[in-house]
Amino acid sequence: MHSIKATIERYKKATAETSSAYTTQELNAQFYQQESKKLRQQIQLMQNTNRHLVGEGLSSLNVRELKQLENRLERGITRIRSKKHEAILAETENLQKREIQLEQENAFLRSKIAENERLQELSMMPTGEQGGQEYNAFQQYLARNMLQLNMMEVAAVPSNYDPLSADKKSDLHLH
């Protein structure tokens, strides 16, 4: 009899565990079904709202809902225009800064071109023509630069060396 009681006790225990496990599974299934239903409803509501925002499916809305939708759209358009205006102002400011930078670079390059043209004109003038003072100043400029480049070579340069005639020869080979 003792073993029958033990078997009955084990049976009761096993069925109690099985039934409690079954109810937990059942509860989980119900919970997930309810959550799934809620999510499907939210998705449907969002899809309807999006259709309304693009002007579709409006026949199901009453006047109050249409007015609410209109106000929502106007607030959205105001925010969009404000953001667009900020972006345009920022872009305009960047373009103005870039314009100033390009104008400065342009002025610098024009001054370099003018300086190079002036030096080239001076280098083409023979000593006897007009502008002799500028020509002499240019010769002094070239002589200073030659000295600054390499002081050791100055001693080796012959006294009749003319730096301008040397530049003319190199110009002829370059052109």
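**Confidence, an aromatic pair and a pocket**

In this predicted model, helix H2 (residues 63-124) has the highest mean pLDDT among the elements of the chain, 94, and helix H4 (residues 151-156) the lowest, 44.

Reader: Over residues 148-157, under what value does the pLDDT stay?

Author: Where pLDDT is low, the predicted coordinates should not be read in detail. For residues 148-157 the model has one contact beyond four places in sequence. Throughout residues 148-157, the pLDDT stays under 50.

Reader: Is tyrosine 32 buried or exposed?

Author: A search of the whole structure finds one aromatic pair. Phenylalanine 31 and tyrosine 32 form this pair, with 5.3 Å centre to centre and 70° between the planes, an edge-to-face arrangement. Phenylalanine 31 is partly exposed, at a relative accessible area of 43%. Because the relative accessible area of tyrosine 32 is 58% and the cut-off for this class is over 50%, tyrosine 32 is exposed.

Reader: Which elements give two or more residues to the lining of the second largest pocket?

Author: The second largest pocket holds about 210 Å³ of space. Its lining includes Leu45, Asn48, His52, Glu65 and Arg72. The elements that contribute two or more lining residues are helix H1 (2-53) and H2.

Reader: How many charged residues does the lining of the second largest pocket have?

Author: Among the residues lining the second largest pocket are Leu61, Gln68 and Leu69. By class, the lining has three nonpolar and four polar residues, and the number of charged residues is two.

How values were computed:
Residues numbered from 1 in each chain as written. Predicted model: local features only at pLDDT ≥ 70, side-chain atom pairs only at ≥ 80, totals over all residues. Heavy atoms only, no water. pLDDT = per-residue confidence, 0-100. Helix = DSSP H or I, 4+ residues; strand = E, 2+ residues; numbered from the N terminus. Contact = heavy atoms within 4.5 Å. Phe/Tyr/Trp six-rings, centres within 6.5 Å; stacked < 30°, edge-to-face > 60°. Buried < 20%, exposed > 50% of the residue type's maximum accessible area, 1.4 Å probe, protein only. 1 Å grid on protein atoms, 1.4 Å probe; cavity = no way out; pocket = protein on both sides within 12 Å on 5 of 7 lines; lining within 4 Å. Points joined across faces, edges and corners; volume = space filled by probe spheres on them. Nonpolar A, V, L, I, M, F, W, Y, C, P; charged D, E, K, R; others polar.
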